[in-house]
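Hi,

Here is the structure I said I'd pass along. Have a look at it first, then read my notes underneath.

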Amino acid sequence: MTRPSHSPPALRLAAVMVVALICGAWSTFAVSAATARPHYDWPLQPRPPVTRGFDPPAQRWQAGHRGVDLGTTSDSAVLAARAGTVTFAGPVAGRPTISVLHADGITTTYEPVQPTVRRGDHVQTGQVLGYLQSGHAGCRAATCLHWGARRGTGRQATYVNPLGLLGLLRVRLKPVVSLANVH
């Protein structure tokens with residue numbers, strides 16, 4: 001006697017195809033993630049603690065935390081996280097800030113940092129951009145570097161978690177359909 005099916009054959013086939021597609025994509029991602037070295041490096045050495053994480057706003061004009069705060073000491077050397085071109089080095093709302101545009105279209109920002117570089121300078125990964133100053137509002141340590149990252153400019157800019165540039169974020173897949181009814 002055959003067991004009655006609780007789902008149409010087309011739905012079962014679609015579920016199996018989705019699972020196969022996800023497993024194939026995951027295995028490709030896992031292999032490339034395991035063998036690929038991130039192109040970015042920490043902007044402080046030694047590796048600093050993250051004192052405040054990335055918390056982007058729901059809408060671009062709302063309050064949020066568009067980067068991460070890294071705890072360290074005043075006058076620490078701030079390093080370029082990747083090679084690029086300095087697009088800004090000066091005050092923003094009274095805080096000294098540096099922005100570097102990288103070849104992949106990501107712009108990283110560093111504040112409050114007294115710059116030793118100027119707009120237009122090409123920098124290498126690990127090159128000193130400037131020196132950290134104290135006084136970052138909301139810092140949960142004695143002194144923090146606010147490190148931000150975004151793709152694009154102006155209204156088209158999308159903020160990204162800079163820790164993702166280091167390969168530190170985990171990808172979590174959620175099931176699309178329940179496999180309990182697939183026979």
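Below is what I found, going from the whole chain down to one arginine.

First, the ground rules: this is a predicted model, so local features need pLDDT of at least 70 and side-chain atom pairs count only at pLDDT 80 or more, while totals for chains, interfaces and linings use all residues. Residues are numbered from 1 along each chain as its sequence is written, and side-chain values use heavy atoms, with hydrogens and water left out.

The protein chain has two helices and eleven strands (DSSP runs numbered from the N terminus: H or I of at least four residues for helices, E of at least two for strands). In order, that reads α-β-β-β-β-β-β-β-β-β-β-β-α. Of its 183 residues, 31% count as buried (under 20% relative accessible area, 1.4 Å probe, protein chains only).

The largest nonpolar core (buried Ala, Val, Leu, Ile, Met, Phe, Trp, Tyr and Cys joined through side-chain atoms within 4.5 Å) has 24 residues. I98, Y110, L129, L145 and W147 have the most contacts inside it. β10 gives the most to this core, three residues.

Now the arginine. R82 sits in the loop between β3 (77-79) and β4 (84-92). R82 counts as buried because its relative accessibility is 17%. Its side chain makes a polar contact of 2.8 Å with that of D104 (N or O atoms within 3.5 Å; within protein, one able to donate a hydrogen and the other to accept it, and sequence-adjacent residues count only if both atoms are side-chain atoms).

Cheers

Methods. Buried means under 20% relative accessible area, exposed over 50%, partly exposed in between (1.4 Å probe, protein chains only).
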